[in-house]
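Reader: I would like to learn how to read a contact between two chains. Where should one start?

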Amino acid sequence: MAGPFPEWIRRTWGSGSDFGVTKGILDDLQLHTVCQSARCPNMNECWRRHTATVMVLGNVCTRKCAFCSVRSARAGEKTDPPDPDEPRRVGEAASRLGWRHAVITSVTRDDLPDGGAGHFARTVEAVQAVSPDCTVEVLTPDFGGDLAGVETVLKAEPDVFGHNIETVERLYPVLRDTAAGYGRSLSVLRAAAGGRAVVKSALMLGHGETNEEVRATLADLLQAGCSAVCIGQYLRPGKTERAVAEYVKPEQFEAYERAAREMGFQYAAAGPFVRSSYRAEELVRKIKGRD
Amino acid sequence: MRYEVTLPELGDDSVDRATVTMWLADEGDIVSENDDLVEMVTDKASFSVPSPKAGTLVEKLVDEDDEVAVGDVLCIIEI
């Protein structure tokens, strides 16, 4: 066991049939979720609210970042081609689970010519077709830096375009796959900015970043056109991933949230268990003034 | 009626067990629905297990430091 954890690294592990309803539907539709693959500590809470973040394009990633528990393709391993029926099944999940806001993410697929952008777009459209009142958020990979991929996804008109910067620039070499890049991720966000989609990013703390580095990253995100940011605590998914260097205190997260708002983010959420997709619906309601 | 409180599914298929850190209620305590009963720890975080029912905690079936599997009975509540 990795404990003892600080007192604020604590969640509820509740019971009830709603959890099983979510699991049953997602299993039935053979959909992957980042909740499961990333071993998210919010999963019990979210699934009991019938919320989940689906992960399309398979559950094997072509990259290996040191913080992530999603399985990486082994050397020479061929990943499955995109399942042409998957967008329809995501739409069906949105409908059967009664989603008012769908969050769709994916593994990184450097092996596909378009990085999976077309599949993302078809998935957004499938949800919109089945649930016209459901807002749609995408959390995309960097498409290998090919900004045409961003354009493809935006053409499907998601309400929120998310791409996570994940960490501060200095820690990219130790935390991220060599194919990722701080500047590359900023260019993805920049390409998405200026349209109708809210542009959102997230970073995790607890890898030893300084206050100044966090603020500099927020400034870079803002300059790239990001209007929404989420900041959370990194929690080690398993023994093969990088150890936590620091548990950032709740009051420090509050200070970052305030700082982000003061800098000009329209929406900012920071806290130990904040994740880019955690309670994502609140952001959409807030920014779009729904409800 | 004796109601068995079990360790619910966490969701994460790789987490099918957890270790009891400490009890937050004692035998004889009257508990409301959603009152925290016991704290568990996994590799990733601490978790409190709320009571699924209101009643009286009559018997604890696991001790602190015990490793518990999903579905194991943690305690009995008289409802």
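**Reading the contact**

Author: Start with a single pair: R11(A) has F47(B) as its bridge partner in β5(B). The model is predicted.

Reader: Which way do strand β1 of chain A and β5(B) run, and how many bridges join them?

Author: Strands count as paired once there are at least two bridges between them. Here β1, residues 10–12 of chain A, runs parallel to β5(B), and three bridges join the two.

Reader: How many residues does the contact take from each chain?

Author: The general idea first: interface size is often quoted as the accessible area lost when the parts come together. In this case the description is by residues: 24 come from chain A and 19 from chain B. On the chain B side, β4 (36–41) and β5 (46–50) each supply at least two residues. The most comes from β5(B), with five residues. By class, that side of chain B holds nine nonpolar, five polar and five charged residues.

Reader: Now chain A by itself. What does its radius of gyration say?

Author: The value is compared with that expected for a compact globule, near 19 Å for 291 residues; chain A has 18 Å, so the two agree. The C-alpha trace of chain A spans about 50 × 45 × 45 Å along its principal axes.

Reader: What share of chain A is buried, and which elements does the chain contain?

Author: Buried residues account for 51% of the 291 in chain A. The chain has eleven helices and eleven strands. Of its contacts between residues at least 6 apart in sequence, 75% join residues at least 24 apart.

Conventions: Residues are numbered from 1 along each chain as its sequence is written. Chains are lettered from A and ligands numbered from 1 in the order in which they are written. This is a predicted model: local features need pLDDT of at least 70, side-chain atom pairs count only at pLDDT 80 or more; totals for chains, interfaces and linings use all residues. Helices (H or I, at least four residues) and strands (E, at least two) are DSSP runs, numbered from the N terminus. The radius of gyration is taken over C-alpha atoms; the globule rule is 2.2 Å times the number of residues to the power 0.38. A residue is buried if 20 or more other C-beta atoms lie within 10 Å of its own, exposed if 12 or fewer, and partly exposed in between; C-beta atoms are placed from the backbone. Two residues are in contact if their C-beta atoms, placed from the backbone, lie within 7 Å. Ala, Val, Leu, Ile, Met, Phe, Trp, Tyr, Cys and Pro count as nonpolar, Asp, Glu, Lys and Arg as charged, and the others, Gly among them, as polar.
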